[in-house]
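User: I would like to go through this model by question and answer, with the reasoning kept short. Please start with the charged pairs.

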Amino acid sequence: MTRLHTKCRPHILAPTASDLAKYGKKDTILAGFHTDLNFLTIHGRSRYPGLNIWARNSGKRIPVRFPPTGKYLLVQAGKQLEHLSGGLIKAGFHEVVVNEATLQVSSSSVVPLHFELNT
């Protein structure tokens, strides 16, 4: 038997499934500023920071931070809801960008993997 030892970096934010070993440079845009076509967009807690929403009243980027405990979701309207409400409810803008906090979590999350190969 041959034993291999390798390091495997985790992926960032499930929806983007981006490999931080390849796209882990600060300020890399993983999902650019956009709204979603669907009725609702539901964001859950992630180990990796980097999700930002945009406030329509001020145009400011707001980093999404969930409380450390509890079960929370961020719900944004999608384009379908905007259309069905006649524009009364606007679709929420969001983006995913690698930031300093993303890199800190990533560097502490490198997991060594061991494989047993039969030769």
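User: In this predicted model, what is the distance between the closest N and O atoms of the salt bridge that Arg61 forms with Glu95?
Analyst: Arg61 lies in strand E7 (residues 61–63) and Glu95 in strand E9 (residues 94–97), so the pair ties together parts that are 34 residues apart in sequence. A side-chain nitrogen has to be within 4 Å of a carboxyl oxygen for a salt bridge. For Arg61 and Glu95, the closest N and O atoms are 3.2 Å apart.

User: Is Glu95 buried or exposed?
Analyst: Its partner Arg61 counts as partly exposed, at 47% relative accessibility. Buried means under 20% relative accessible area. Glu95 has 6% relative accessibility, so Glu95 is buried.

User: Which residues on the two faces of E9 are buried?
Analyst: Both faces of this strand are covered. One side carries His94 and Val96, and the other side carries Glu95 and Val97. The buried residues are therefore His94, Val96, Glu95 and Val97.

User: Which residue in E9 is the bridge partner of Ile53?
Analyst: Strand E6 (residues 51–54) pairs with E9 in the antiparallel sense, over three bridges. Strand E4 (residues 29–34) also pairs with E9 in the antiparallel sense over three bridges, and there Ile29 has Val97 as its bridge partner. For Ile53, the bridge partner in E9 is His94.

User: How many salt bridges does the structure hold?
Analyst: Side chains of opposite charge can pair when their charged atoms come close. Arg61 with Glu95 is one such pair, Lys26 with Asp27 is another, and Lys79 with Glu82 is also listed. The number of salt bridges in the structure is three.

User: What is the N to O distance where the side chains of Lys26 and Asp27 meet?
Analyst: Lys26 is partly exposed, because its relative accessibility is 40%. Asp27 is exposed, because its relative accessibility is 53%. Their side chains meet in a salt bridge with an N to O distance of 4.0 Å.

User: In which helix are Lys79 and Glu82 separated by about one helical turn?
Analyst: The side chains of Lys79 and Glu82 meet in a salt bridge at 3.7 Å, N to O. Lys79 is partly exposed because its relative accessibility is 36%, whereas Glu82 is buried because its value is 15%. The two are three residues apart, so they are separated by about one helical turn in helix H2 (residues 79–84).

User: What is the area of the nonpolar surface patch that includes Leu40?
Analyst: Leu40 is found in strand E5 (residues 40–43). Patch residues need over 30% relative accessible area, and Leu40, which is partly exposed, has 35%. The patch is made by Phe39, Leu40, Ile42, Leu73, Val75 and Leu84, and its area is about 600 Å².

User: Where is confidence lowest in the protein chain?
Analyst: The chain averages a pLDDT of 80, and 75% of the residues score at least 70. Confidence is highest in H2, at 98. It is lowest, at a mean of 43, in strand E2 (residues 11–12).

User: How many contacts beyond four places in sequence does the model have for residues 1–14?
Analyst: Over residues 1–14, pLDDT stays under 50. Residues 111–116 also stay under 50, and for them the model has 19 contacts beyond four places in sequence. For residues 1–14, the number of such contacts is 52.

Notes. Residues numbered from 1 in each chain as written. Heavy atoms only, no water. Patch = residues over 30% accessible without salt bridge, like charges linked within 9 Å, V, L, I, M, F, W, Y side chains within 5 Å. Areas by Shrake-Rupley, 256 points an atom, 1.4 Å probe, with all protein chains shown as cover. Helix = DSSP H or I, 4+ residues; strand = E, 2+ residues; numbered from the N terminus. Buried < 20%, exposed > 50% of the residue type's maximum accessible area, 1.4 Å probe, protein only. pLDDT = per-residue confidence, 0-100. Contact = heavy atoms within 4.5 Å. Pairing = 2+ DSSP bridges.
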